[in-house]
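Visitor: I should like to take a close look at one helix pair in this structure. Please describe how the two helices are arranged and what lies between them.

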Amino acid sequence: MSDDFNIQNIAKLASINLSEEEQSKLSNDLSVILEHVQALSDLSLDEVGEIFIHPLEKELLLDEDEVRVSLTHDEALQNAPEKNEGKFVVPPSLE
Amino acid sequence: MSLKPTIGIETHIELNTKTKMFCRCAVVDTDEPNVSLCPTCIGLPGALPVPNKKAIESITLLSLSTGCKITNKGMFHRKNYFYPDLPKNYQISQFDLPVGLDGKLEIVLDKEVDFVEIERVHMEEDTGKSTHSGSGRIDSATSTALDFNRSGVPLVEIVTKPTINSAKQAVAYIEELRQLAIDLDISEGKLEKGNLRFDANISVAPEDSDQLGVKVEIKNMNSLRSLERAIEFEIQRQSKLVEKGETIIQETRHWDESKEQTSSMRSKEGSADYRYFSDPDLPDMILSDEFVEEVKAKLPTLPNQKREDLMKTGLNLDQSNTISKSENWIYNMYLDIFESTQDSSGAFNWITGELQGQMRKLEIENLPSWFESRLLSEVIVLINENKISFTSGKTILNEMLQNETTPDQVASEKNLYQDNDEESILNFVKETIEENSDIIERIKAGEDKLVGFLVGQLIKKSKGTVNPGLAKEFLLKEIEL
Amino acid sequence: MSIVNKSIRELNALFLQKELKPSELYDEIFEVTSNSEAVIHAHLKLFENENREALQNADKRFEDGNSLGLLDGIPLSIKDNINLKGSNTTCSSKMLENYVSPYDATVISNLKSQGPLFTGKTNLDEFAMGSSTENSAFGKTQNPWNPDCVPGGSSGGTAASVSVRSSIAGLGSDTGGSIRQPGAFCGVVGYKPTYGTVSRYGLIAFASSLDQIGPITRYVDDARILFEGIRGYDSKDATSIDHEFIELPSDNNATVGVIKELMEEGVSEDSKNEVNKVVDILKNKGYKVKEISLPMIKLAISIYYLIAPAECSANLARFDGVRYGLRVDGNTSYEMMENTRAEGFGPEVKRRILLGTYALSAGYYDAYYGKALQARKKMILEFKEAYESVDYLISPTTPTAAFKAGEKTSNPLEMYMSDLCTIPANLAGLPAISIPTGLSKEGMPLGVQVMSKALTDHSLLDFSELLENELAFHDLPFAWGS
């Protein structure tokens, strides 16, 4: 694991507020796991050729531009923690 | 120290497809919030993206018409960041294998042809819309409301290489790009509706340096005017700092329209780490040679080709540029009129001058259904054949815009046909000379300007039935006698 | 034999012959449920009364001779990470505790047109991350064979239910073994189809390139029937394949390979014995059996524990308290999201999200995620080569039989190692099945895994059924029925 591994930075990127206890436990856990996966980085793997996203190397199929109606307004908002005048409401989001 | 500015522009074009990029919800233009949604575009658990074929055709059209290389085996990437208007908290975009690479766009700058180089053209999806309530300013809002109708709308992002050198060039570039999008019929191109949005990256460096200066991103320019002003302001701001020996901070700045300045946005710690990786929900996108050929066959006449064709009819670059950037009916009308009259400047002047001017005055947005190009062609021909005066032509045009009629009908009714009979003209000439003997003396003494006055007198006398050109000719002949 | 122990085909025959009604079977099933649920806790939600009308209709259909097919009237349990419109889909997480699905997963809408009854939604490891169902936010599920043991995971609830017979069959999902391992631990069949043959639309994603929905059943034939009922190309899932199956011999013209690396250290003697038992049967019947080496398997855990967390870190980003699910307040929306995710996710989920975030972060992509993608490709190539000389590959399904609850929760890596045998099939997109073969020294079920190449699912099922018949393993945990 790299020297500048910083669990707080990673938690920030992942938008999870970790307690101090969690930070130290998770930092530990991750270092154990990352140590194990080090074995991969020793491998030379240049001869594998082209990588495909789909494990069976399927190609993307494009869909025709035709409207399909899906959720009603009410269905879309049915699980909203807070809503007002047809919109989802959240605490202020800063730019 | 002489500094040169370097500018790069990032443009987002909203495509005019019927449905969104990764789901088949309708793209809607409404104030009613959250009415066109599905599990995919609001990021419900278990939802999956399915790409829009028309959108891919549109981006391929745009890439081809800007001379880009088309990436045959491309993919979509997830751009990861958290923001409430981004339902999945990642945007499906393209990272290192965009649809189009390394192109250029011909533009017209200062009445000359120029080019702007294009780095890349890629496909991505739009976010929802946030409205902040409270005092209206984002940093003292009390809550934010979200409408996801726009979430998932297809966006094409075009990034130029950092080779633009002036605000004017940037504006010319956007004007050209916008027209191209309209001509390709992939976007309405309405800036006020947000169909086309742009950000600029600006830096300054010493004239002789081959390194670029620190780059500053400018956002929130909503019109071409603000684009030009913002770039000019920023170049000034950076130049002043550099001349004082101060460093430029790499940051994103916000153009303030009312204060006419750029200002620092709330700073983020460092630059964002988007953790791009290939989207496992979307297999590799293969754009075969056959597909590209099919799309190529759909290319219409592009703006630069239109300009060339127009110049071949006798217009100069500036005039051709004007017509090529006007609405399509104007382009078509010009070609029709040119074909029947072979008078390029006449056609140009009448269409861009009188016709559009009168339509504005009469508050007509679209030509009436009976108004065909040949009606205007006839007016031009009548004038060129001296059968009516220019003024009469204007009158006829005005009539035809309001009523279903023809030039001949109007000219006959209003007695506009000019008398080109030599004898009657000579009579008018003799009368005019007799009544204005003192003027004649002064003309003979060298006051050539007064010839025009005499011509005007003759026209008045003849109640506009004498062709002014002929009137002048005959008057001068008589005076010399 | 109690009717709840019968196969789908047998039950369908009884329905058609009017010797049994769907409502009668249903009542028997719910008798088992009422006796077992308090102990086993396989289900998070039961639909006992919600199905009354559907049951009446099923009864009527058979009365009138209008059956909708083999699955008509059959009680099925559904893992609670599959969207079922109008009911809670929680993924066993506080994050979605009160979330009501506004749409059906494709597999559900496929099934609805065939008439089965859904017994309820079953327990799982939170967001399908785990191998024991101990990571559920709503309580553990017990192994019906021994309540001190785990049922496996992440589809522990479905596996336990099918084993106990509180459902005839059920759906699970498999990302690194989450159908096969609980199948083996609970003594039932767990089948992961070829990637792309079953739609993922409506399956709450864990790792998109690895997830597949599949059947957990008592018999191989039941797995076949349920697979037919859910599979199919789906235009709403871009990774879905418009597929045609490739035929392989399932009789003794087939060649079978034993995976060397999964018969070495790290696997218990009991588990290896089960494989040897199967090899003996095959040899006796005249099959060619050989040893196959797949060296990349040794790196399977490393590859998986980079790819899966990376994908899940993005897949779970949508859980932020904005549009649905748990919301914990904050002064700004950033704070709200951070607080919501802190409270909504359990420790294993947080662990994987953070691991994935790190593996994708600037400067580390090439060393971790990028490397893992290349290694995955190499593994796929190794399998392809292997399948040029064998039709089927066999191995233990799990290194050991079901472990005791709490035994592996202190060290994450130890838990991950139990996926050693199952992960390769997900990485390569291959079809893989676990069939119960015998019992360990402690009397806990063990399974053998069979894999074949992509899109040979029908042949794999045929071959497995032949093995099942030869093994004649009919042991059950104690009968929870009347």
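Guide: What follows describes a helix pair of chain B in a predicted model, and then turns to a strand residue and a chain contact.

Two packed helices are described by the angle between their axes and the distance between the axes. In chain B, the pair consists of helix α9, residues 373-384, and helix α10, residues 390-402. Their axes lie 10 Å apart and form an angle of about 165 degrees. Because angles over 145 degrees count as roughly antiparallel, α9(B) and α10(B) are roughly antiparallel to each other. The crossing of α9(B) past α10(B) is right-handed. On the α9(B) side, the contact is made by L375(B), V379(B) and I383(B); α10(B) contributes F390(B), G393(B), I396(B), L397(B) and M400(B). By class, this contact comprises 7 nonpolar residues and 1 polar residue, with no charged residues.

Elsewhere in chain B, strand β1, residues 3-14, contains I9(B). This residue is buried, because 24 other C-beta atoms lie within 10 Å, and 20 or more are required for that class. Leaving aside residues up to four places away in sequence, I9(B) touches T160(B), I164(B), A170(B), Y173(B), F198(B) and A200(B).

As for contacts between chains, 41 residues of chain A are in contact with 55 residues of chain C. On the side of chain A that touches chain C, α1 (7-13), α2 (20-41) and β2 (87-90) each give two or more residues. The most come from α2(A), with 10 residues. This side of chain A divides into 29 nonpolar, 8 polar and 4 charged residues.

Terms used. Residues are numbered from 1 along each chain as its sequence is written. Chains are lettered from A and ligands numbered from 1 in the order in which they are written. This is a predicted model: local features need pLDDT of at least 70, side-chain atom pairs count only at pLDDT 80 or more; totals for chains, interfaces and linings use all residues. Axes are lines fitted to C-alpha atoms, for helices over the stretch in contact, and angles run from 0 to 180 degrees between N-to-C directions. Helices (H or I, at least four residues) and strands (E, at least two) are DSSP runs, numbered from the N terminus. Angles under 35 degrees count as roughly parallel, over 145 as roughly antiparallel, 65 to 115 as roughly perpendicular and the rest as oblique. A crossing is left-handed if the near helix is turned anticlockwise from the far one by less than a right angle, and right-handed if clockwise. Two residues are in contact if their C-beta atoms, placed from the backbone, lie within 7 Å. Ala, Val, Leu, Ile, Met, Phe, Trp, Tyr, Cys and Pro count as nonpolar, Asp, Glu, Lys and Arg as charged, and the others, Gly among them, as polar. A residue is buried if 20 or more other C-beta atoms lie within 10 Å of its own, exposed if 12 or fewer, and partly exposed in between; C-beta atoms are placed from the backbone.
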